[in-house]
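Hello,

Here is the structure I promised to pass on to you. Please open it alongside this email, and my notes follow below.

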Amino acid sequence: MVKIPSGPVGLQALVAGSLDVTFASTEVTMQAASRGNDVQLIVGHSPDNIYTLSVKKGVPLPNKEKGFPTSVQDLKGLKVGVTARGSGTELQTRAVLTGAKMSADDVTYVAVGGPGTAYGSMLSGQIDAGMMFEPFRTICLVQDTCVDLLDFARGEGPAEISALNGAFETYAARRNFIEKNPVVIDAFIQAMTEATAWVNDPANQVELLELVKKRFQLGADIADADKILEELVRRGAPLYGVSIDRGAVKAFSDYLINAGLITDPVDPESFVYRKAPTP
């Protein structure tokens, strides 16, 4: 394992040859491929959208029970936390607003980093809501500090966002590395498939939790850390998967074109390794 600060940095290292396989959201890898980096998706990690739009408890949400798109109108004028300006979290927030017939600038975007720093920003009142990923949501729910406005893994939100479910986070490798090392790539896919099936199995949850505790720690300032970690494992384990839905990959291409982030369509048949698992 090689630690990298972000998906785009990982893609740079992959192209430079200092990594053989990298893990990122499909939109990050696709943007790199559209700019001439000859990479392919080889196996999935999290098929469905990992983001949740959470709102701090106490912020008025009179339209929440009406569902999308009416519920999103309650965000107007609020401060929404995203990992960084121009990030995938901001891009999806903008898509949600425009999908609700609002202006993408009807909210104020605040760069708050990852879930750990974002949660502190919400408690301190720097943001009213956050487009975030775990463990932000689980910490919120266990500590009863926020409510879900939209859960994208469940297909909530605009159609162009729900269409991305099926290929959201993936592993990728350089095409020439795949061609020169087919046995290595196939073995990696097999290993990921077997490991994911083990993680998905509820019978392994106790052992899985012990493994997670050895490798992952919540901050000392997080109350009920053990309870949150248990809930995180319970909720998260079933969500991992290795398949890559080619239709979802095409939806990513359409999504990025509509957002002006790529100019030419990306063909799933070329972008996805031919032996990558299918749904």
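To start with something you can check yourself: is Glu 90 buried or exposed? With a relative accessible area of 5%, Glu 90 is buried, because the limit for that label is under 20%. Before going further, please keep in mind that this is a predicted model.

Salt bridges

Glu 90 also has a charged partner: its side chain meets that of Arg 85 in a salt bridge, 2.7 Å from N to O. As a reminder, side chains of opposite charge can pair when their charged atoms come close. The count of salt bridges comes to 15.

Another one pairs Arg 175 with Asp 38, and here the closest N and O atoms are 2.7 Å apart. Arg 175 belongs to helix α7 (residues 175-180), while Asp 38 sits in the loop between α2 (26-34) and β2 (39-46), so this salt bridge ties together parts that are 137 residues apart in sequence. Asp 38 itself is partly exposed, its relative accessible area being 46%.

A more local case is found in helix α10, where Glu 231 and Arg 235 are four residues apart, a separation of about one helical turn. These two form a salt bridge whose closest N and O atoms are 3.8 Å apart. Arg 235 is partly exposed, at 23% relative accessible area.

There is also a network of salt bridges, which links Arg 137, Asp 148, Asp 151, Arg 154 and Glu 156.

The disulfide and helix α5

Arg 137 leads us to helix α5 (residues 136-143), in which Phe 136, Arg 137, Thr 138, Ile 139 and Cys 140 are buried. Which elements cover these buried residues of α5? The cover includes β3 (52-56), α4 (115-123), β6 (129-132), β7 (146-151) and α10 (225-236). After α5 comes Asp 144, with a positive phi near 55°.

Cys 140 is joined to Cys 146 by a disulfide, with an S to S distance of 2.3 Å. A search of the whole structure finds one disulfide. Cys 140 and Cys 146 are both buried. Why is the disulfide right-handed? The torsion about the S-S bond of Cys 140 and Cys 146 is about 135°, so the disulfide gets that label.

Aromatic pairs

The structure holds six aromatic pairs. Phe 23 and Tyr 171 make a tilted pair, 5.2 Å from centre to centre and with 35° between the planes. This pair links distant parts of the chain, 148 residues apart: Phe 23 is in strand β1 (residues 22-25) and Tyr 171 in strand β8 (residues 169-174). Phe 23 counts as partly exposed, at 32% relative accessibility, whereas Tyr 171 counts as buried, at 13%.

Tyr 171 has a second ring partner in Phe 188: the centres are 5.5 Å apart and the planes are at 80°, so that pair is edge-to-face. Here strand β8, which holds Tyr 171, is linked with helix α8 (residues 182-200), which holds Phe 188, across 17 residues. Phe 188 is partly exposed, with a relative accessible area of 25%.

Elsewhere, Tyr 51, Phe 133, Phe 168 and Phe 252 form one aromatic cluster.

The nonpolar cores

The largest nonpolar core has 62 residues, and those that touch the most other members are Ile 42, Leu 53, Val 72, Leu 75, Phe 152, Ile 185 and Val 249. Helix α11 (residues 246-258) gives this core its largest share, six residues. What does Phe 152 touch, leaving aside residues up to four places away in sequence? Its contacts include Asn 49, Tyr 51, Thr 52, Leu 53 and Val 96, as well as Met 131, Gly 157, Ile 161 and Asn 165.

Apart from the largest core lies another core, of 20 residues, among them Ala 118, Met 132, Ile 139 and Ile 222.

Helix α2

One last helix for you to look at: α2 is mostly covered, with seven of its nine residues buried. The buried residues are Thr 26, Glu 27, Val 28, Thr 29, Met 30, Gln 31 and Ala 32. Just after α2, Gly 36 takes a positive phi of about 105°.

Happy browsing, and do write back with any questions.

Best wishes

Methods
Residues are numbered from 1 along each chain as its sequence is written. This is a predicted model: local features need pLDDT of at least 70, side-chain atom pairs count only at pLDDT 80 or more; totals for chains, interfaces and linings use all residues. Side-chain values use heavy atoms; hydrogens and water are left out. A disulfide is a pair of cysteine sulfur atoms within 2.5 Å. Buried means under 20% relative accessible area, exposed over 50%, partly exposed in between (1.4 Å probe, protein chains only). Rings of Phe, Tyr and Trp (its six-membered ring) pair if their centres lie within 6.5 Å; planes under 30 degrees apart count as stacked, over 60 as edge-to-face and the rest as tilted. Helices (H or I, at least four residues) and strands (E, at least two) are DSSP runs, numbered from the N terminus. Contact means heavy atoms within 4.5 Å. A salt bridge is a side-chain nitrogen of Lys or Arg within 4 Å of a carboxyl oxygen of Asp or Glu. A nonpolar core is a set of buried Ala, Val, Leu, Ile, Met, Phe, Trp, Tyr and Cys residues joined through side-chain atoms within 4.5 Å.
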